[in-house]
Amino acid sequence: MMNGVNEPLTRQEFVAQAAAGEVVVEVAGCGVCHTDLGFYYDGVRTNSELPLALGHEISGRVVATGDGAGDWLNKAVLIPAVIPCGECDLCRRGKGTICRSQKMLGNDIQGGFASHVVIPIQGLCPVDEKRLAAAGLELADISVVADAVTTPYQAVYQAGVTEGSLAIVVGVGGVGGYCVQMAKAFGATVVAIDIDQGKLDTIAEHGAAITFNAREISGRDLKKAISAFAQENGLPSTEWFIFECSGSKPGQESAYSLIVHGATLSVVGFTMDKVEIRLSNLMAFHARVLGNWGCLTEHYPGTLDLVLDGKIELKAFIEQKPLSEISSVFDAVHQQKMQRRAILVPDA
Ligand SMILES: [Zn+2]
Ligand SMILES: [Zn+2]
């Protein structure tokens, strides 16, 4: 439980009981996301009062069901990070990501750094355990799909990436690494940019056609180098798809500077920092900027399919750790000492 900003996390007992339309899920694993660190270290306010269990990237097994949810009993599931109400006008019009009654795990309701979570069944994504085993994955491994992989899916899908597109991903740790793989899965040739050479080397083996270290090349030189790469490889010189995944001011400035005619810039990463940009470039280049708050629950099964089909590699990017080590794991992630995304697994 988080009790306050930077205050020690504590273990707390509570009764997990499913009301009508809800299930109790025994947590298999819960990914550690930068959003969790934002709450814990940076004082970003949670919607629910503290104490609160953080964590919104959860996979697990349904162990108890409320009225009307009996079909889910014993099923392996992936839980959407943000659960829309499913009933309002926005939800009915297929706009669940902006549902005003949505519930985010570990923010509006108790999250997944726990042995169990209680959640409403709408949007719950079933997991085919045979395919999971065939893919060499454990149920805990796919917890990160619930945000780190689905968020890029929504971004790449709504941007309109298709076969033959040129995609550029700025920041390839965590979400950005999956964004590279996702854009490739949608048919794009992908340029990866980061300031961490280790991350660039990893992503070069998992989907990036070319990588650039922003410490060595930036600004106009970077744009020229990408143009040259596009020309050499018969890729478009216009309509680039740029994905800002670093969630940093320099990353956002770099991503914005890469806008070409007809470009689509997708803002995937989050930062409180402000950037100074010439907004009129959008007009001059007839370009678009898009954002997405997570992913529609309707896209979860399709995203999971890409993982189970091996089009999105998880294993090289994740590392399981015992939930009892949450404090040291948070610290390591906060100090950027972990190369892979940590998944906290409840202790037996
Ligand atoms: Zn997250
Ligand atoms: Zn709704």
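Select Ala192 first: in this predicted model, Ala192 stands opposite Thr211 in β10. Ala192 falls within strand β9, residues 189-194, which pairs with β10 in the parallel sense over five bridges.

Keep β10 on screen and add helix α6, residues 197-204. This helix packs on the sheet and touches both β9 and β10. The direction of α6 makes about 170 degrees with that of β10.

Now widen the selection to the whole sheet. Six strands form it, in the order β10-β9-β8-β11-β12-β13, and the sheet is open. The pairing is parallel. Which are the edge strands? They are β10 (208-213) and β13 (288-291), and each of them pairs on one side only. On average, neighbouring strands of this sheet are turned by 20 degrees against each other, direction ignored.

Next, select helix α8, residues 249-257. Helix α8 lies across three strands: β8 (166-170), β11 (241-244) and β12 (264-267). Relative to β11, helix α8 runs at about 175 degrees.

Move on to ligand 1, the zinc ion, and show its protein donors. These are Cys33 through SG, His56 through NE2 and Asp147 through OD, lying 1.8 to 2.2 Å from the ion. Along the sequence, the donor residues are spaced C-x22-H-x90-D. Where do His56 and Asp147 lie? His56 is in the loop between α1 (34-42) and β2 (57-65), while Asp147 is in the loop between α3 (129-134) and α4 (150-159), so this pair ties together parts that are 91 residues apart in sequence.

From the zinc site, go to the second largest pocket, with a volume of about 640 Å³. To find its centre, select Arg11, Phe113, Ala114, Ser115 and Leu323, the closest to it of the 22 residues in the lining. By class, the lining of this pocket has 13 nonpolar, six polar and three charged residues.

The last stop is a cavity. How many cavities of 30 Å³ or more does a search of the whole structure find? The search finds one. The largest cavity has a volume of about 40 Å³. To display its lining, select Val82, Pro84, Gly96, Thr97 and Gln102, then Trp293, Gly294, Cys295, Leu296 and Thr297. Coloured by class, the lining of the largest cavity shows five nonpolar and five polar residues, with no charged ones.

Methods
Residues are numbered from 1 along each chain as its sequence is written. Chains are lettered from A and ligands numbered from 1 in the order in which they are written. This is a predicted model: local features need pLDDT of at least 70, side-chain atom pairs count only at pLDDT 80 or more; totals for chains, interfaces and linings use all residues. Side-chain values use heavy atoms; hydrogens and water are left out. On a 1 Å grid over the protein atoms alone, a cavity is a set of points where a 1.4 Å probe fits but cannot get out, and a pocket is an open set with protein on both sides within 12 Å along at least five of seven lines; lining residues have an atom within 4 Å of a point. Grid points are joined across faces, edges and corners, and a volume is the space filled by probe spheres set on the points. Ala, Val, Leu, Ile, Met, Phe, Trp, Tyr, Cys and Pro count as nonpolar, Asp, Glu, Lys and Arg as charged, and the others, Gly among them, as polar. Two strands pair if DSSP finds at least two bridges between them. Helices (H or I, at least four residues) and strands (E, at least two) are DSSP runs, numbered from the N terminus. Axes are lines fitted to C-alpha atoms, for helices over the stretch in contact, and angles run from 0 to 180 degrees between N-to-C directions. Contact means heavy atoms within 4.5 Å. Donors are N, O and S atoms within 2.8 Å of the metal (3.2 Å for Na, K and Ca); water is not among the atoms, so sites may look incomplete.
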